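I opened my notebook today to look around one protein model, step by step. Come along and keep the picture beside you as you read.

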Amino acid sequence: MSLLIKGGDVVDGFGNSPKKNDILLIGEKIAAIGDLASYKADEVILAPGSFVCPGFIDISSTSDTNLSLFKEPKQADFLKDGVTTIICGSKGESLAPIMYADQAPPTNTCWTTVSEYLDAVASIKPGINFA
């Protein structure tokens with residue numbers, strides 16, 4: 001499957017001014033950025049007047065400590081805002097390790113160590129990147 005996003009103002013994430021470009025995705029990977037007017041794709045999105053941005057990173061998410069990561073694994077609200085990666089535990093709070101019963105969240109947990117916690121996160125197949 002290929003997708004061509006044509007004529008959007010591409011924000012590169014490096015602080016440069018937006019630049020009108022086309023973006024070609026093949027599968028889930030960006031294959032090319034530039035003037036791709038002659039390329040044919042399975043699907044085309046016309047994006048003049050729209051900003052096309054890389055996935056944003058939320059560096060202080062509380063999705064793990066408030067359990068929304070486990071209640072809503074797809075994390076659709078983040079994706080709607082363009083956030084594709086969340087960093088949890090950056091405020092010194094985390095659901096792992098759980099060493100004492102009074103630290104356990106008000107839900108069934110199947111972990112006590114960080115490794116077990118990361119396995120639990122991987123098992124729910126989050127809709128976003130998790131760090």
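**Entry 1: Gln75**

My opening question: leaving aside its neighbours within four places in sequence, which residues is Gln75 in contact with? I found Ser63, Ser68, Leu69, Ile86 and Ile128, where contact means heavy atoms within 4.5 Å.

Before going on, I noted that this is a predicted model, where local features need pLDDT of at least 70 and side-chain atom pairs count only at pLDDT 80 or more, while totals for chains, interfaces and linings use all residues. Residues are numbered from 1 along each chain as its sequence is written, and side-chain values use heavy atoms, with hydrogens and water left out.

Next I looked up where Gln75 sits: in the loop between helix 1 and helix 2 (76-80). Helices (H or I, at least four residues) and strands (E, at least two) are DSSP runs, numbered from the N terminus.

Is Gln75 buried or exposed? With a relative accessible area of 5%, Gln75 is buried. The cut-offs I used are under 20% relative accessible area for buried, over 50% for exposed, and partly exposed in between (1.4 Å probe, protein chains only).

I also checked the side chain of Gln75, and one of its polar atoms lies 2.7 Å from the backbone oxygen of Glu72.

**Entry 2: aromatic rings**

I then went looking for ring pairs. Rings of Phe, Tyr and Trp (its six-membered ring) pair if their centres lie within 6.5 Å; planes under 30 degrees apart count as stacked, over 60 as edge-to-face and the rest as tilted. How many aromatic pairs are there by this rule? The count comes to two.

One pair is Phe70 with Tyr117: the ring centres are 6.3 Å apart and the planes are at 50°, so I wrote down "tilted". This pair links distant parts of the chain, with Phe70 in helix 1 (residues 68-71) and Tyr117 in helix 3 (residues 114-123), 47 residues apart. Phe70 is partly exposed at a relative accessible area of 23%, whereas Tyr117 is buried at 3% relative accessibility.

Then I took Tyr117 with Phe130: their ring centres are 6.3 Å apart and their planes are at 75°, so this pair is edge-to-face. Tyr117 in helix 3 and Phe130 in strand 8 (residues 129-130) are 13 residues apart, and this pair too links distant parts of the chain. Phe130 counts as partly exposed, at 22% relative accessibility. Ring pairs thus link Phe70, Tyr117 and Phe130 into a cluster.

**Entry 3: nonpolar cores**

A nonpolar core is a set of buried Ala, Val, Leu, Ile, Met, Phe, Trp, Tyr and Cys residues joined through side-chain atoms within 4.5 Å. Which residues have the most contacts inside the largest core? They are Phe78, Ile86, Leu95, Trp111 and Tyr117, in a core of 14 residues. Strand 7 (83-88) and helix 3 are the elements that give two or more residues to this core.

I also followed Trp111: beyond its neighbours within four places in sequence, its contacts include Phe70, Leu95 and Tyr117. A second, separate core has seven residues, among them Ile5, Leu25, Ala47 and Val52.

**Entry 4: strand 1**

Strand 1 (residues 2-10) is mostly covered, as eight of its nine residues are buried. Which strands does it pair with? Two strands pair if DSSP finds at least two bridges between them. My list for strand 1:

- With strand 2 (residues 19-26), it pairs in the antiparallel sense over seven bridges, and Gly8 stands opposite Asn21.
- With strand 4 (residues 43-46), it pairs in the parallel sense over four bridges, and Leu4 has Val44 as its bridge partner.
- With strand 5 (residues 51-52), it pairs in the parallel sense over two bridges, and Asp9 stands opposite Phe51.

I paused at Lys6, which has its place in strand 1. Lys6 is partly exposed, with a relative accessible area of 23%. Not counting residues up to four places away in sequence, Lys6 touches residues including Asn21, Asp22, Val44 and Ala47.

**Entry 5: cysteines**

How many disulfides are there? I counted zero, taking a disulfide as a pair of cysteine sulfur atoms within 2.5 Å. I looked up two cysteines as well: Cys53 is partly exposed, with a relative accessible area of 38%, and Cys88 counts as buried at 13% relative accessibility.

Methods: A polar contact is a pair of N or O atoms within 3.5 Å; within protein, one must be able to donate a hydrogen and the other to accept it, and residues adjacent in sequence count only if both atoms are side-chain atoms.
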